[in-house]
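User: Please take me through this structure and explain the reason behind each label that is used.

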Amino acid sequence: VTVLDDSGPSFPDNPRYMPACLQKNWRELWGFSGSFPADCKECMQADGGGLSDYAKFLFRKHPNASIGVVSSVQDEVIRLFYSSGLQNCGSFTTADPTTITLGQADETVYMPGADYTAGLNEIRMKYVSTGKFATYYLGGANQTFHQHIWRARFYDTAAGSESIAAWAKNFLDGKFEQVGP
């Protein structure tokens, strides 16, 4: 199993950026529970959490699995999805992307960039010790870049001294680097 995730990370369970209520709502709305393997017990916690434990499951069940994540550290698009988990999912059924975007200054409406960055860093720290996990994070405040591997910037040196293309080749060749902030 080789996973290359472009701008769609699943954060570890944490009320700051991945509350169980958000995961529970996603499971119900998007049918996630039926998509996970039945033997991934850690993926289906009683409170609705555990989505990010799919990576732990993959590493356990498939020892040769590898996972790579590419993301802007303050991805403004994906933060919209996580914003409906704020305030204990109080706005999940009424969340509106336009309202969230216009309310960017209000951290009770739009997920703060610092929280998104913290979530990325937590998944990096959680899985780097597997020796099969690689990350390429593009830094800086107000990074509006979303989805990277299908755009011209794939070949630009966007973080550190390496392009996403070079990082991806290294990842596919078994070199698990942590690039960027």
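## Labels and their reasons

User: Why is Phe-81 called partly exposed?

Analyst: The relative accessibility of Phe-81 is 41%. Buried means under 20% relative accessible area, exposed means over 50%, and partly exposed is in between (1.4 Å probe, protein chains only). Phe-81 therefore counts as partly exposed. The model is a predicted one, in which local features need pLDDT of at least 70 and side-chain atom pairs count only at pLDDT 80 or more, while totals for chains, interfaces and linings use all residues. Residues are numbered from 1 along each chain as its sequence is written, and side-chain values use heavy atoms, with hydrogens and water left out.

User: Where is Phe-81 placed, and which residues make the nonpolar surface patch?

Analyst: Phe-81 is in helix 3; helices (H or I, at least four residues) and strands (E, at least two) are DSSP runs, numbered from the N terminus. Leu-29, Trp-30, Val-77 and Phe-81 make a nonpolar patch of about 380 Å². Two or more residues each are given to this patch by helix 1 (20-30) and helix 3 (76-83). Patches are made of residues with over 30% relative accessible area and no salt bridge; like charges are joined within 9 Å, and nonpolar side chains (Val, Leu, Ile, Met, Phe, Trp, Tyr) within 5 Å. At 41%, Phe-81 satisfies the accessibility part of that rule.

User: How do you know that a disulfide joins Cys-21 to Cys-89?

Analyst: Their S to S distance is 2.1 Å, and a disulfide is a pair of cysteine sulfur atoms within 2.5 Å. The pair therefore qualifies. The torsion about the S-S bond is about 85 degrees, so this disulfide is right-handed. Cys-21 lies in helix 1 and Cys-89 in helix 4 (residues 86-89), so the bond ties together parts that are 68 residues apart in sequence. With a relative accessible area of 11%, Cys-89 is buried.

User: What makes Cys-40 and Cys-43 a disulfide?

Analyst: Their sulfur atoms are 1.7 Å apart, which satisfies the distance limit already given. The S-S torsion is about 50 degrees, so this disulfide is right-handed. Cys-40 has a relative accessible area of 0% and is buried; Cys-43, at 0% relative accessibility, also counts as buried. The structure holds two disulfides, and when the bonded cysteines are numbered in sequence order the pairing is 1-4, 2-3.

User: How do you know that strand 1 and strand 2 pair?

Analyst: Two strands pair if DSSP finds at least two bridges between them. Strand 1 and strand 2 have five bridges and run in the parallel sense, with Asp-6 opposite Val-70 in strand 2. Six bridges join strand 2 to strand 3, again in the parallel sense, and Val-70 faces Tyr-136 in strand 3. Strand 3 and strand 6 run parallel and are joined by two bridges, one bridge partnership being that of Thr-135 with Gln-178 in strand 6. These strands make an open sheet of four, in the order 1-2-3-6.

User: What makes strand 1 and strand 6 edge strands?

Analyst: Each of them pairs on one side only. Strand 3 is mostly covered, with six of its six residues buried. Phe-133, Thr-135 and Tyr-137 are on one of its faces, and Ala-134, Tyr-136 and Leu-138 are on the other.

User: Why is the pair Arg-16 and Asp-115 called a salt bridge?

Analyst: A salt bridge is a side-chain nitrogen of Lys or Arg within 4 Å of a carboxyl oxygen of Asp or Glu. The N to O distance for Arg-16 and Asp-115 is 2.6 Å, so the pair qualifies. Arg-16 belongs to the loop between strand 1 and helix 1 and Asp-115 to helix 6, 99 residues apart. Arg-16 is partly exposed at 42%, whereas Asp-115 is buried at 14%.

User: How far apart are the closest N and O atoms of Asp-53 and Lys-126?

Analyst: They are 3.1 Å apart, and the two residues form a salt bridge. This pair links helix 2 to helix 6 across 73 residues. Asp-53 is buried at 10%, and Lys-126 is partly exposed at 33%.

User: Are Lys-169 and Asp-173 buried or exposed?

Analyst: Lys-169, at 51% relative accessibility, counts as exposed, and Asp-173, at 53%, is exposed too. Their side chains meet in a salt bridge of 2.5 Å, N to O, one of seven in the structure.

Conventions. Areas by Shrake-Rupley, 256 points an atom, 1.4 Å probe, with all protein chains shown as cover.
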